[in-house]
Amino acid sequence: MTIPRLRGAFAPGTKPAAQNELLVLLPSLGTTMSLWDGTVEGLRAATPGDSLRILRIDLPGHGSSQAVTEPFTIAELADAVLGVVDEAGGGAFHLAGLSLGGAIALELAISHPERVKSLALFCTGSKIGTAEGWEQRAAAVRASGTASLVTGSAERWFAPGFLEQRPLSSAARSLTTLIDIDDESYARCNEALAAFDRTSSLGSLRAPVLVVSGEHDVVTTPDAMQALTERIPNGYHSTIAGTAHLAALEDPDAAARLLTTHLRASACTAEPASASASASEGGQAAHDQGMRVRREVLGDAHVDRAVAGTTAETAPFQDFITRYAWGEIWARDELSRRERSIATLASLVTGSHEAEIRMHVRAALTNGLSRAEIAEVILHTALYAGLPPANGALGIARGVFAELDAEADAEASGAPEGPGTAPEPSPNEGAERG
């Protein structure tokens, strides 16, 4: 076995180098670093002040990386990635990979945890496919070349109808790129995947982990990605609608938004270096549980907006509510989530906390209350809290119901939401209460 020689493209930040975070992006089998072009543009647009340094790295025999003839493992590919990072300045970094790139990223985070600040896994797994399937594909490529894979790759990589709607897109051009990839290097990558299985090691991950699936992916399905997430101590899962296996290539804007939120959240939840190991682990466990419950009750979209709006001033408050409101109180078994929603709505109506009522009307629906039951809770609260706050709360609930109906109509028709149909963010979203 040998460590391949990889090459990458480095985009420096605008601040002094020591002040720039480094993000490393790894592509999928059969593609090059250009897979991330749109995502990089989105990251630059979304985080101009963060001035990320971004390093994209090609796989063996793909793009700018030299071809190979000797076998290698995923662990050796991870070491090869570290070699490129060290040439670019070294240190700890944020890491994201798609498919084979995700497997390499996962291996690197497990085997070199001190180097990885955060991890994003796109359409990948701790074990992908079967050894027999990868070995058969390696044999097919050696016999007929990568050109023989174009039709099958088009079906796996992209959502139904995507290529027909965008025949001149960068996604369509990626199929041409596939033909140019070195056949033997591609086959060796298949054989490395055949031997890869890190499922038993997922519990050792300590970096924050974003897991991303494509809605129509038949290779690493959303259900498989959710199962992967549930094995990761500090992981959360999001699905990019309307995409398949190359989700970041099909919808780079969505990929950039998810990565931006993930990077900011990772910075906000970093433990102080002086904290003891036991306090750090206990606090992280509470935060992890809180983030899981918070997403289950409020939804990924709401939490992503709240985290994305976090600033240095609001970060301690975000951490506080995630640990204590969601990680402790909402996670207790003495009341069901349905019962907690009733108690929360009654408390918010009593206090006239209108910004939070909107959020918790949606949460109550998620937790099993019907619209009629929500109205009944508000009516009952009016008896004890007074008519004006209850009347205001009922108006807010009515507005939320109308938004949900508009969203459902837009989804059914396949049309984008029109003006006024998308929910307005809470004024407190960056420092949201429980």
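Tutor: A residue counts as buried under 20% relative accessible area, as exposed over 50%, and as partly exposed in between. The model to which this is applied is predicted.

Student: What makes Asp251 count as buried, exposed or partly exposed?

Tutor: Asp251 has 24% relative accessibility. The limits are 20% and 50%, so at 24% Asp251 is partly exposed. Asp251 sits in the loop that joins α10 (247-250) to α11 (252-268). Beyond four places in sequence, its contacts are Ile240 and Thr243. Its C-alpha is 9.7 Å from that of Gly214, with the two positions 37 residues apart in sequence.

Student: How do you know whether Ala248 is buried or exposed?

Tutor: The relative accessible area of Ala248 is 0%. The limit for buried is under 20%, so Ala248 is buried. Ala248 belongs to helix α10. Leaving out residues up to four places away in sequence, Ala248 touches Leu35, Trp36, Thr39, Leu98, Phe122 and Ala255. Of these, Thr39 is 209 residues away in sequence, yet the two C-alpha atoms are 6.9 Å apart.

Student: Which residues have the most contacts inside the largest nonpolar core?

Tutor: They are Val24, Val81, Leu95, Ile104, Leu119, Phe122 and Leu205, in a core of 84 residues. To be called a nonpolar core, a set must consist of buried residues of the listed nonpolar types, joined through side-chain atoms within 4.5 Å. Beyond four places in sequence, the contacts of Leu119 include Leu95, Ala105, Leu106, Ala109, Leu205, Pro208, Val209, Leu210 and His262. A separate core has 17 residues, among them Val349, Ile374, Val377 and Ala393. In soluble globular proteins, nonpolar side chains tend to be buried together.

Student: What share of the chain do buried residues make up?

Tutor: They make up 49% of the 434 residues. The chain has 18 helices and seven strands. Among contacts with a separation of 6 or more, 78% link residues 24 or more positions apart.

Student: Why is α4 described as it is relative to α8?

Tutor: The axes of α4 and helix α8 (residues 183-194) cross at roughly 170° and come within 8 Å. An angle over 145 degrees counts as roughly antiparallel, so α4 is roughly antiparallel to α8. On the α4 side the residues that meet α8 include Trp134, Ala138 and Val141, and on the α8 side those that meet α4 include Tyr186, Ala187 and Leu193. By class, this contact has eight nonpolar, one polar and seven charged residues.

Student: What makes α16 and α18 parallel, perpendicular or oblique to each other?

Tutor: The axes of helix α16 (residues 354-366) and helix α18 (residues 387-413) cross at roughly 50°, coming within 9 Å. That angle is not under 35, not over 145 and not in the range 65 to 115, so α16 and α18 are oblique. Their crossing is right-handed. Ile357, Val361 and Leu365 are among the α16 residues of the contact, and Ala393, Ile396 and Phe401 are among those of α18. Nine residues of this contact are nonpolar, none is polar and five are charged.

Student: Why is α15 described as it is relative to α17?

Tutor: The axes of α15 and helix α17 (residues 371-385) come within 9 Å and cross at roughly 45°. With the rest of the angles, outside the parallel, antiparallel and perpendicular ranges, counted as oblique, α15 is oblique to α17. This crossing is right-handed. In α15 the residues of the contact include Ile342, Leu345 and Val349, and in α17 they include Ile374, Val377 and Ile378. The contact has eight nonpolar, two polar and two charged residues.

Student: What is the sign of phi at Cys123, positive or negative?

Tutor: The phi of Cys123 is positive, about 45°, and Cys123 is not a glycine. Cys123 is in the loop between β5 (116-122) and α4 (131-144). Its relative accessible area is 0%; with the limit at under 20%, Cys123 is therefore buried.

Student: How do you know whether Ser352 is exposed or partly exposed?

Tutor: Its relative accessibility is 42%. Exposed would need over 50%, so Ser352 is partly exposed. Ser352 is in the loop between α15 (337-350) and α16. Ser352 also has a positive phi, of about 55°, without being a glycine.

Conventions:
Residues numbered from 1 in each chain as written. Predicted model: local features only at pLDDT ≥ 70, side-chain atom pairs only at ≥ 80, totals over all residues. Heavy atoms only, no water. Buried < 20%, exposed > 50% of the residue type's maximum accessible area, 1.4 Å probe, protein only. Contact = heavy atoms within 4.5 Å. Axes fitted to C-alpha atoms, helices over the stretch in contact; angles between N-to-C directions. Helix = DSSP H or I, 4+ residues; strand = E, 2+ residues; numbered from the N terminus. Left-handed = near helix turned anticlockwise from the far one by under 90°. Nonpolar A, V, L, I, M, F, W, Y, C, P; charged D, E, K, R; others polar.
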